[in-house]
Amino acid sequence: MSAIAQLNDVAVKSMLTKTHKLLINNQWVESASGETFEVYDPSTGTVMANAAAGNEQDVNKAVKAARKAFESGHWSEMTPSDRGKILWKLADLLEENLEEFATLESLDNGKPLTIARAADVPLAVDLFRYMAGWATKIEGKTIPISVPYTPGAKYLAYTVREPVGVVAQIIPWNFPLLMAAWKLGPALAAGNTVILKPAEQTPMSALRLGDLVLEAGFPEGVVNIITGFGEDTGAPLAAHPDVDKVAFTGSTEVGKMIVKAAAGNLKKVTLELGGKSPNVVFKDADLETAIPNAASAIFFNHGQCCCAGSRLYVEQEIFDKVVAGVAEHAGNIKLGCGLDPDTDMGPLVSEEQFSRVTGFIDSGQTEGAKVATGGKRHGGEGYFVEPTVLVDTNPNMKVVREEIFGPVVTAMPFKDPEEIIPIANNTNYGLAAGVWTQDIGKAHRLASHIKAGTVWINCYNIFDAALPFGGYKESGWGREMGGDILEAYTQVKSVCVQV
Ligand code: ADP
């Protein structure tokens with residue numbers, strides 16, 4: 001019997017049986033076309049739910065609702081304290097329904113329930129609480145000015161930070177709920193109104209979050225949720241003349257399309273895109289920690305992390321030992337349905353992703369790389385790929401240059417600690433990096449020279465609502481989380497008064 005058939009969570013079952021609608025102006029409505037699309041269980045490849053397929057008409061309706069809500073001031077001019085309370089309430093409701101959200105996330109994305117329960121949902125709760133706190137702390141400055149051409153005149157000059165307005169937020173499928181939280185939290189704390197577009201592969205948790213948005217008491221039109229395909233809903237949102245800002249997380253390829261689409265009205269753009277992150281292990285590292293963490297840096301979330309440590313560089317003398325250790329960890333990872341409590345790694349999210357990742361493994365081998373472990377499909381159904389370690393690679397291979405977004409790491413030796421900086425930076429991306437050493441000076445030297453938005457030293461994949469995250473180079477524009485993100489959702493107005 002399939003895991004879904006065995007489910008006894010009534011709330012989750014009801015999410016799977018109903019045909020989902022769009023949330024526009026605090027109402028659940030059918031798509032303008034009446035069309036729906038199928039949502040798949042990636043562990044079996046079978047249809048598990050249906051969601052409304054939005055199109056440009058739905059986008060227009062949602063933007064209109066968000067614009068009306070913004071201009072009414074019901075949200076942007078609500079006291080910051082009250083805005084914060086509603087965001088905090090959303091966090092409380094999410095926490096009360098943690099198990100349901102974790103189950104939905106596991107079913108929809110394929111990730112282990114244990115991970116969704118321990119990481120995805122609690123991090124989303126924490127993000128909303130963190131941003132609820134920011135609602136009352138978005139401040140301007142008073143600025144002493146001199147104005148040489150008005151001698152003797154006195155001025156009071158100050159800045160205020162105002163919300164940007166109507167914000168479109170387009171998110172991916174790897175952390176569906178958490179990405180929704182990263183986007184909604186700061187935008188709403190700052191007083192913007194939002195149209196959120198979840199990925200077509202994983203709309204379930206965002207749709208359920210829509211129910212909680214209504215329960216938490218957001219005014220009409222402040223949060224709108226439009227499901228549908230990228231070209232039908234994402235593209236018209238990015239191009240819409242009445243959208244003031246677009247915030248996107250996804251592939252670098254689509255990120256570049258968003259930039260072009262945004263040019264029409266020069267809407268503000270923030271992008272959190274792909275990565276090909278170096279993870280550097282020096283011979284003086286504590287290998288008992290470095291080896292399992294080098295494995296989880298790539299295999300966590302099945303490698304479907306934009307910051308995955310996908311290029312593993314190991315100092316020559318310990319290369320064989322580290323590769324053998326990472327391969328051993330990979331071999332011990334239990335693949336299975338996300339709902340199975342014994343599962344360490346679930347399926348990839350979709351057939352498309354499965355073909356992409358296995359295509360990369362094939363291309364690596366064609367170009368001369370060797371498989372140290374893994375490299376094959378797992379099981380007869382669903383989109384499972386074995387955790388894979390590739391060796392004998394060179395910097396020109398596709399598997400070393402391009403983002404695979406799957407459980408595939410290329411392991412490469414290096415000789416001289418000084419040569420590793422240009423090697424680590426030899427990529428168009430710049431999202432994250434890992435450094436493993438007990439030499440504190442070396443660690444900080446690397447941290448300062450690696451061109452990436454996050455450098456983890458003797459740890460990896462450490463996230464916190466307070467810690468900014470985002471990319472150098474083609475990994476994006478702007479940062480998510482932390483106080484820095486508020487800059488992306490506000491604009492500065494200078495006010496100058498002659499006194
Ligand atoms: P992936 O290739 O990993 O699926 P994408 O970058 O294609 O990642 O998708 C991330 C998000 O971008 C999804 O919500 C998707 O629907 C959306 N999207 C895809 N194409 C476009 C587009 N042309 N314009 C706007 N959004 C898009």
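Is Cys 459 buried, partly exposed or exposed? Select Cys 459 and look at its surroundings: with 23% relative accessibility, this residue counts as partly exposed, a class that lies between buried (under 20% relative accessible area) and exposed (over 50%), with a 1.4 Å probe and protein chains only.

Before going on, note that this is a predicted model, in which local features need pLDDT of at least 70 and side-chain atom pairs count only at pLDDT 80 or more, while totals for chains, interfaces and linings use all residues. Residues are numbered from 1 along each chain as its sequence is written, and side-chain values use heavy atoms, with hydrogens and water left out.

Now add Cys 307, which holds the cysteine sulfur closest to that of Cys 459; the two are 12 Å apart, too far for a bond. A disulfide is a pair of cysteine sulfur atoms within 2.5 Å, and by this rule the count is 0.

Next, select residues 36–41, strand β4, and residues 46–52, strand β5, which pair in the antiparallel sense over 6 bridges. Strands here are DSSP runs of E, at least two residues long, numbered from the N terminus, and two of them pair if DSSP finds at least two bridges between them. Along this pair, Thr 36 has Ala 52 as its bridge partner, and Glu 38 stands opposite Asn 50. The two strands form a hairpin with 4 residues between them, and in the turn Gly 45 has a positive phi of about 80 degrees.

Finally, add β1 (19–20) to see an open sheet of 3 strands in the order β1-β5-β4, with mixed pairing. Because β1 and β4 stand at the edges with a single partner strand each, one side of each is left without a neighbour in the sheet.
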